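Here are a few exercises to work through with the model open in your viewer. Try each task before you read its solution.

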Amino acid sequence: MKNNIILTLILVLLSPLVFAQDAQTLLESVRTRLNTVNDYEADAKMKTDVSFLKVPQSRVKVYFKTPDKIKIANEKGISFVPKGAVSINLNSIISGNDFTVIDAGSATLNNKPVRILKLLPVDEIGNLILSTIYVDENNAVILKAKTTTRDNGTFELEMKYGKFLKFGLPDDVIFTFNTKDYKMPKGVTFDYDNNTQKQEVEKNKDRQGKIEIIYVSYKINEGVKDEIFK
């Protein structure tokens, strides 16, 4: 009986270490899949839902190059994206080893079982405060990510996978953000009819906005020039 009690106490004390190791291993599986993609050029459709703007659905080009270069180009040369849009790139969330991985348990997301991992940065004075990712263990892909930063607020990603699953790349991404962090493109201004309209727009700027990117096709590992990102 005494030996059983001692064994139980040892297991309780060691369990956080076991979970930490499992969490790290799971994260490495996700990272390994994403690392098969060095670069891509994608054709996509972008839907923008911001309360104070009327932005039609547009065709965009999405460019990525490892480790964290990303660019979204509207067909007319204008992109309506938040200041922290780099968070659309999953690599930017999990790249490097300068954070502690914590296993936050299991849950269900859109009827799928997921493991929840919290990524705490080692550098406490950097821009990143916390990332929480929801991982599909069977496919080693991230279904949801929530990232809080010091400079650009909190952003949330939801991913759906299909024909590009083997590369760990989503077919559909929904990017949710606070509209006060929305960066207006150069040359875009508001013409207010009266002060009431101006006040209404300003009030709506502190609400939630969404960008949805629906990927039509990817050109993967065919080379993307650095000049694209300038």
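A residue counts as buried when its relative accessible area is under 20%, and as exposed when that area is over 50%. Keep in mind that this is a predicted model.

**Exercise 1.** Work out what share of the chain is buried, and how much surface the chain exposes.

*Solution.* Start with the residue tally: of the 230 residues in the chain, 39% are buried. Then go to the surface, where the chain exposes about 13600 Å². Carbon and sulfur atoms supply 51% of that area.

**Exercise 2.** Lay out the fold, from elements to sheet.

*Solution.* First, count: you should get three helices and 10 strands. Next, read from the N terminus, which gives α-β-β-β-α-β-β-β-β-β-β-α-β. Now arrange the strands: they form an open sheet in the order 3-2-1-10-9-8-7-6-5-4, paired antiparallel. At the edges sit strand 3 (69-74) and strand 4 (99-109), each with pairing on one side only. Finally, zoom in on strand 4, which nine bridges join to strand 5 (residues 112-121). One to look up is Thr108, whose bridge partner in strand 5 is Pro113.

**Exercise 3.** Is Phe64 buried or exposed, and which residues does Phe64 touch?

*Solution.* Locate Phe64 in strand 2 (residues 58-65). Its relative accessibility is 1%, so Phe64 counts as buried. Leaving out residues up to four places away in sequence, its contacts include Val37, Tyr40, Ile70, Val224 and Phe229. As a last check, compare Phe64 with Lys225: they're 161 residues apart in sequence, yet their C-alpha atoms are 9.9 Å apart in space.

Technical notes:
Residues are numbered from 1 along each chain as its sequence is written. This is a predicted model: local features need pLDDT of at least 70, side-chain atom pairs count only at pLDDT 80 or more; totals for chains, interfaces and linings use all residues. Side-chain values use heavy atoms; hydrogens and water are left out. Helices (H or I, at least four residues) and strands (E, at least two) are DSSP runs, numbered from the N terminus. Buried means under 20% relative accessible area, exposed over 50%, partly exposed in between (1.4 Å probe, protein chains only). Contact means heavy atoms within 4.5 Å. Accessible areas come from the Shrake-Rupley method with a 1.4 Å probe; for residues, only the protein chains shown count as cover. Two strands pair if DSSP finds at least two bridges between them.
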